[in-house]
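Student: I am new to this structure and would be grateful for a close look at a single part of it. Please take the nonpolar interior and explain each term along the way.

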Amino acid sequence: MPSPARSFADDVRARDDAELARLVRLRPDLARPAPANLSALAARAATVPSTRRALEQLDAGLLHVLESVLVAGASGPAAAALLGTDEATLAAPLDELWGRGLVWRSPEGMRPARAVGEALTHPAGLGPVAAELGVRPPADVGAAVSGLSDAARRVLDRLRWGVPRASFEGAALTAARDELVTAGLMARLDGADAVVPREVGIALRGGVLHENPLLPPDSADLTTLTTADIDASAGAEALELLDQVEEVARAWEGDPPRVLRSGGLSVKDHKAVATRLDSGLDRAAFVVEIAAAAGLLASDGELDPSWLPTPAYDDWRAREPGRRWADLALAWWGTVRAPSLVGERLEGRSVVNVLSEQAAWPLLRTRRHDVVAVLAGLPAGAAPRLADVEERLRWMRPLRLPSGAPTQVATVLQEAAWLGVTGRGALSAVGRGLHDGLDPADLGRVAAAHLPEPVDHVLVQADLTAIAPGPLTDDLGRLMRLAADVESRGGATVFRFTPGSVRRALDSGLASADLLDQLGAASRTPLPQPLSYLVADVARRHGQARVGSVGCYVRSEDETALSAMLADRELAPLQLRRIAPTVLVSPAPAATAMELLRAHSPVAETSDGGLVLAGRTARRATGRGSSAARPVTVDPVDETVAADLVARLRHHETEAAERRETQQGPQIPHTDATVAVTMLADAAADHAAVWLGYVDETGDVRRALFRPERVNGGRVVGSIEGSASRRTLPIHRITGVAPVE
């Protein structure tokens, strides 16, 4: 059993290497930036901001134990009684709280760190102690309550398990308040407010802190699925997402949408994506945002910017499907983007657009991690209801999610289902890999094992449709999406061949005979005549009209086709005129003429009459542009980082010890002002002295053994050892603080 320490700082410094490494892993903010020595580490751990972050990581069970120690003053029978349990039950939670640096071992037992009381101003919903309020509660609270009027007792009943403070408006409530104040059961505050002292609140609760028992939610009634069903469902969802990301990238590389002046994607282009994907606006926003978060879509950074696929998209597209799934999952895990905000109006501003700056919400990333942690903590295969997840999340993060606060669980679960992090409501193997921190390569191997087996054939039918009985291989899938339009998705995907889709394939440079050969090789049924006729008809007309540069010219052996162009009002911007029976000219550039003549199936030609079958230009965003929101990453404090930090701190301690042997007094390192205030406040609370470096009135740097009495208002008041007079030193003139060894 470790021996008690004199103070919190001594307790931290007395820990061994493994305990220190565990402390910085549990509280990574202590390692960023690296502290100069163990005293600086202890001082940082004792600051209110760091303590508050540590408190937010506690589940309700640990928080209740810490509250009992805070209210009782130290661990022991009194703290156990506040929770209605015994000391043995609290041993393990107290050890966990000690490992997190929230309590320290004193001669009286485990005591809370000073900053815990400053962060938890109302532990368990109790008010300040009576001494702070300047009141004296009755010796027998029960007897005092029994002598109250009905109205006063109703007030206490309302405040018993809730907040200790209330405002009293109206004559009846004011009279009840005055009665409670007179009885010593409440204390007057400013205005019409009054508060129940802590001692009275505990007595009203029957000597316990919480109405509910110290138990986590029960998992006995959860639905359980087989892992095979879960991962199969997750793989199917992920495969559909991969196809939809490719669909958006293909659409944008040839016809990129503009970036709004305020940033983001216009509502019109958002709806166009939803129509192309045959999905709702929320799903379309998620697909675009997750692709941008993975670095696959970005602004090109031009003077008139557009949203385009990035060069990283080409690398991603060339990877195996499992690795592509892993990349999207990791992007979701790390991004602060919140597609669910799209379409909302925030604080009176304009509607949030896809890819806009307003569609970022750092809290959602934390909530994703917490929800996945809840699912990972359930038995394997458990598929909880939404209410079950919310209940467990509130238990896991009671300070972040008090009763009534929105949890965003429904949003996170929907995103997780679309991404294949869950399958049929249960955590998938990929989701568990995210929670366990697998690297991209390992997560990709896990994902690949659970993707549906691709099929290498389709069933082409006489009504110009083709049915894919499952997920297609990459090459066949890309051929089908090039030569046909997706008509419906699901367990089987239905493609439809149209003149426009066939023309799209021919525009890419694919000959009609090659197209029919590839479709015939992939189809388990003979190619029907209607499809052959469609391809032949489009191929016959494909390239009849040819565009060159004059501005440009249009020539065709079919004089009737040229006459139709001249009569087409939609082509008026080209200002076409006939210079020969088979030749038209226009002042417009050839590219513009090609675009406006698209319905007449033209092809470009060189000056010597050769064909130019370039298809769509696959544009890419260059490095000048940026994604709407790159994933924000934080270097984790893992075992290796923690061990290296502790080794450096030990080395600094050894060097400091060697210097102390050769000089009078310790070396006083430069100390950050926040750390200095914390160390001085700790010393004042413990009535202890510290070595102080400070700048005097003449500008000289001096050192002294200083005994602080109080710290407030940016000043420290105390006395220098050997002097009877008090000194007041501004904090900004203090260069360093070191403990007395």
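Tutor: The following account begins with the whole chain and then turns to the interior.

This is a predicted model, in which local features need pLDDT of at least 70 and side-chain atom pairs count only at pLDDT 80 or more, while totals for chains, interfaces and linings use all residues. Residues are numbered from 1 along each chain as its sequence is written, and side-chain values use heavy atoms, with hydrogens and water left out.

The protein chain contains 31 helices and 26 strands; these are DSSP runs, with at least four residues (H or I) for a helix and at least two (E) for a strand, numbered from the N terminus. Of its 741 residues, 47% count as buried, where buried means under 20% relative accessible area, exposed over 50%, and partly exposed in between, with a 1.4 Å probe and protein chains only. The C-alpha trace spans about 115 × 70 × 55 Å along its principal axes.

The interior can now be considered. A nonpolar core is a set of buried Ala, Val, Leu, Ile, Met, Phe, Trp, Tyr and Cys residues joined through side-chain atoms within 4.5 Å. In soluble globular proteins, nonpolar side chains tend to be buried together. The largest nonpolar core here has 68 residues, and W252 and W332 touch the most other members. Helix α14 (residues 227-254) gives the most to this core, namely 10 residues. Apart from this core lies another, of 48 residues, including A31, L38, A45 and L63.

W252 deserves individual attention. Contact means heavy atoms within 4.5 Å. When neighbours within four places in sequence are left aside, W252 is in contact with P257, L265, V273, V288, L297, W307, L308, P309 and L355.

The other residue, W332, is buried, because its relative accessible area is 0%. W333 has 17% relative accessibility and therefore also counts as buried. A pair of aromatic rings is described by the distance of the centres and the angle of the planes. Rings of Phe, Tyr and Trp (its six-membered ring) pair if their centres lie within 6.5 Å; planes under 30 degrees apart count as stacked, over 60 as edge-to-face and the rest as tilted. By this rule there are 3 aromatic pairs. One of them is formed by W332 and W333, which is tilted, at 6.4 Å centre to centre with 45° between the planes.
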